[in-house]
Amino acid sequence: MEIIRENFFKKYRIEEQSFRDAGLVWEELVEIYLDFQNKEKDYKDEAKEILAELNDFAGVSAVRYRVKDKEHLIEKIIRKRINDKSRVITLKNYEKEITDLVGFRVTHIFKDDWEIINKQITKRWQTKEITAFYREGDEEYYSGIGLDLGKMTKKEHPRGYRSVHYILESKNRSYKKNIEIQVRTIFEEAWSEMDHEVIYPYHINNEVLNNYSKILNRVAGMADEMGNFMKKEVASLSELDKLDDENKRLKSENEELKARLRNYQNNKIDENKLKKKSNNNEVLESTIEMLKLIEKTSTLLNPFTTGLEITSHIWKNSENNNNVTGNSVLKNSIEMLKLMEKTTALLNPFTIGLELTSHILKHNEKKDKLVNSNIVNIIDDKNKRIK
């Protein structure tokens, strides 16, 4: 595409005399224009690769990119030479001198998200330079956190522009090229776009427009501060919620421990009572042994038992006797004595005492077994809580 000098000067408000005084040659500018036009696709391809990486960075809200417009490139070279006649930009060095041939706008929501993005950029690419533009009064924010101070420059911008610019040197393709990444908040991006569209560079001396722009700049700065304040407030509320949840958990655990303690106290057995029961059982066992001995002795002294033994002895000695009637009487006497012996044994007071005492002992042992089982369970539960 051919560019016509007169049309170009009119479109971009370039004065012919200023152009000549700067020592510029139009034909040389056209060569730069055509050279960049041939390389434009290569720049776009690489820009898409970098775009994909930046979109994956933590803290990034949005990423935009552009390959510099060819006419804007020529305009920028002209204005730089007019402002500084020692600044010579030619076909051989324009890719080195113009650092934003590929430019990226990385926006983030909160002011302090910049620190996260900065770490990722400096880790991923070798940066040639980093410039932090700041508004009057906030220069301390860009105090070099996470930055290589040897490469960083802090500059107060006269229009209140706030952004961090990274210049990278790409080596992904056949030749080196400079790439610029600008990082700023969404509020700063909105103000910057509006200011650039309305004022810069053609109405930069319009006092009314500049005053309006300054007001919007302050509003953007206040919005950044308010957003950061809200973010910190939410973080504080989240921390309070965590503390409240922890307090509820501890309170619940405390109530559970109290309930266990009450249960333990309700089921606690007085050791003195256990010892007393044990002593009582020992007395009962001793009594049973004594009664067994007395029962055995009293059985031997039972007159029916004695009569039974005597009669049984006579019966055995007279079995060979043919006196059937006498033998029948003895046999009946033995049966009667056996019945009376059995009856007497049942009525034996020592036997009755033995039965009663044994019954009491068995009842106590059964009860003690149940109590002892409860004690074991209490001890096991206590050991589990200690662990």
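This is a guided tour of one protein chain, selection by selection.

**The whole chain**

Start with everything displayed, and keep in mind that the model is predicted. The protein chain has 12 helices and six strands. Of its 387 residues, 32% count as buried. If you colour by surface, the protein chain exposes about 25,700 Å², and carbon and sulfur atoms supply 54% of that area. Among the contacts with a separation of 6 or more, 72% are between residues 24 or more positions apart.

**Helix H4**

Select residues 70-83, which make up helix H4. Its end C-alpha atoms are 20 Å apart, in agreement with the 20 Å that 14 residues should span at 1.5 Å a residue. Now show side chains. Buried in H4 are the nonpolar-named Leu 73, Ile 74, Ile 77 and Ile 78, along with Lys 70, Glu 71, Glu 75 and Arg 81. To see what covers these buried residues, add helix H1 (5-11), helix H2 (16-21), H3 and H5, which are included in the cover.

**Helices H3 and H5: two salt bridges**

Keep H3 on screen and select Lys 39 and Glu 95. They form a salt bridge, with the closest N and O atoms 2.7 Å apart. This pair links distant parts of the chain: Lys 39 sits in helix H3 (residues 26-55) and Glu 95 in helix H5 (residues 94-97), 56 residues apart. Is Glu 95 buried or exposed? Its relative accessible area is 13%, so Glu 95 counts as buried.

Next, stay within H3 and select Lys 41 and Asp 45. These two also form a salt bridge, the closest N and O atoms being 3.1 Å apart. Both lie in helix H3, four residues apart, which is about one turn of the helix. An α-helix has 3.6 residues a turn, so residues three or four places apart point the same way. Asp 45 is partly exposed, at a relative accessible area of 26%, and Lys 41 counts as exposed at 59%.

**Helix H6**

Move to residues 113-124, helix H6. This helix has 12 residues and reaches 17 Å from its first C-alpha to its last, close to the 16 Å expected. Select Asp 113, Trp 114, Ile 117, Asn 118 and Ile 121, which are buried. Then turn the view to look down the axis of H6: the buried residues fall within an arc of 130°, so they line one face of the helix. On the other side of H6, select Lys 119 and Lys 123, which are exposed.

Which elements cover the buried residues of H6? The cover includes strand S2 (102-108), strand S5 (163-170), strand S6 (177-185) and helix H8 (207-266).

**Strands S3 and S5: a third salt bridge**

With S5 still displayed, select Lys 128 and Glu 169. They form a salt bridge in which the closest N and O atoms are 3.9 Å apart. Lys 128 lies in strand S3 (residues 127-134) and Glu 169 in strand S5, so the pair ties together parts that are 41 residues apart in sequence. At 36% relative accessibility, Lys 128 counts as partly exposed; Glu 169, at 29%, counts as partly exposed too.

Then select Arg 64, Arg 105, Arg 184, Glu 189 and Glu 193. Salt bridges that share partners join these residues into one network. How many salt bridges are there in the count? The count comes to 29.

**Strand S4**

Select Glu 156, found in strand S4 (residues 152-156). Glu 156 is partly exposed, with a relative accessible area of 44%. Add Tyr 134 and Glu 136: leaving aside neighbours within four places in sequence, Glu 156 is in contact with both. For a distance to check in the viewer, pick the C-alpha atoms of Glu 156 and Ala 132, which are 8.4 Å apart in space and 24 residues apart in sequence.

**Helix H8: a nonpolar patch**

For the last stop, return to helix H8 and select Met 222, which lies in that helix. Met 222 counts as exposed, because its relative accessibility is 54%. Extend the selection to Val 208, Tyr 212, Ile 215 and Val 219. Together with Met 222 they make a nonpolar surface patch of about 520 Å².

Notes: Residues are numbered from 1 along each chain as its sequence is written. This is a predicted model: local features need pLDDT of at least 70, side-chain atom pairs count only at pLDDT 80 or more; totals for chains, interfaces and linings use all residues. Side-chain values use heavy atoms; hydrogens and water are left out. The expected span of a helix is 1.5 Å times one less than its number of residues. Buried means under 20% relative accessible area, exposed over 50%, partly exposed in between (1.4 Å probe, protein chains only). The arc is that of the directions from the helix axis to the C-beta atoms. Contact means heavy atoms within 4.5 Å. Patches are made of residues with over 30% relative accessible area and no salt bridge: like charges are joined within 9 Å, nonpolar side chains (Val, Leu, Ile, Met, Phe, Trp, Tyr) within 5 Å. Accessible areas come from the Shrake-Rupley method with a 1.4 Å probe; for residues, only the protein chains shown count as cover. A salt bridge is a side-chain nitrogen of Lys or Arg within 4 Å of a carboxyl oxygen of Asp or Glu.
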